[in-house]
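Below are my notes on the model, set out as numbered points. They concern charged side-chain pairs and one glycine.

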Amino acid sequence: MTLTPVSLSSMHISLRQAATADFPVILDLLGRCGLHTGSVTPEGSTYWIAQLDGVPGGCIGLEHGDGVSLIRSTAVVPEARSQGLGRALVLSALTQASLRGDHTVYLFSSEAGDYWKRFDFEPSTVQAVGEALPGASQVRSGFDKGWIHDEQVWRRSLNEAGGEAGT
């Protein structure tokens with residue numbers, strides 16, 4: 001079932017944590033948004049699915065490290081963009097990272113830097129994310145396949161006291 005363009009204010013929006021059985025849905029969402037899926041794995045990660053009237057419309061993931069996480073696989077289907085769904089997914093991931101006790105969250109984005117700046121992300125380095133999350137599948141994939149040096153790394157420090165994750 002595909003979504004038809006409609007105002008989100010007239011739709012029921014829900015976010016739920018994905019189970020392993022949901023990975024085909026996540027892979028489908030990522031594919032529909034033109035994102036790579038090769039390193040997407042439920043191992044060491046938490047993913048969320050946003051549903052609009054019961055239909056999956058977006059997803060986001062966190063790969064977990066020791067006191068740090070990596071946001072990855074952030075996707076909203078084209079017909080649901082620019083209506084706040086992406087923001088809800090990002091704030092959910094940042095809240096989860098904060099509740100986990102993470103002090104820093106990283107991500108890769110060469111094309112959407114202005115978007116991530118809205119959430120107080122700042123440019124970082126490949127070296128920093130490599131040292132912070134050496135076991136994350138997306139980081140390993142980047143080094144193994146050589147694409148990591150062409151990506152922009154972003155980081156956000158979280159409130160050490162576990163306070164607000166969102167802006």
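1. Lys117 is partly exposed in this predicted model, its relative accessible area being 46%. Networked salt bridges occur elsewhere: Asp28, Arg32 and Glu79 are joined into one network through shared partners.

2. The partner of Lys117 is Asp114, and the N to O distance in this salt bridge is 3.8 Å. Asp114 has 58% relative accessibility and therefore counts as exposed, the cut-off being over 50%. Both residues belong to helix H3 (residues 113-117), where a spacing of three residues puts about one helical turn between them.

3. Within the network, Asp28 and Arg32 form a salt bridge at 3.9 Å, N to O. The two lie four residues apart in helix H1 (residues 23-32), which is about one turn of the helix. Asp28 is partly exposed at 42% relative accessible area, and Arg32 is also partly exposed, at 31%.

4. Where does the pair Arg72 and Glu63 lie, buried or exposed? Both residues are buried. Their salt bridge has its closest N and O atoms 2.6 Å apart.

5. The search of the whole structure gives six salt bridges; among them are Asp28 with Arg32, Arg72 with Glu63 and Asp114 with Lys117.

6. Gly130 is a separate matter. This residue sits in helix H4 (residues 126-132) and is buried, because its relative accessibility of 15% falls under the 20% limit. Beyond neighbours within four places in sequence, Gly130 contacts Val139 and Phe143. Arg140, ten residues away in sequence, has its C-alpha 8.4 Å from that of Gly130.

Conventions: Residues are numbered from 1 along each chain as its sequence is written. This is a predicted model: local features need pLDDT of at least 70, side-chain atom pairs count only at pLDDT 80 or more; totals for chains, interfaces and linings use all residues. Side-chain values use heavy atoms; hydrogens and water are left out. Buried means under 20% relative accessible area, exposed over 50%, partly exposed in between (1.4 Å probe, protein chains only). Contact means heavy atoms within 4.5 Å. A salt bridge is a side-chain nitrogen of Lys or Arg within 4 Å of a carboxyl oxygen of Asp or Glu.
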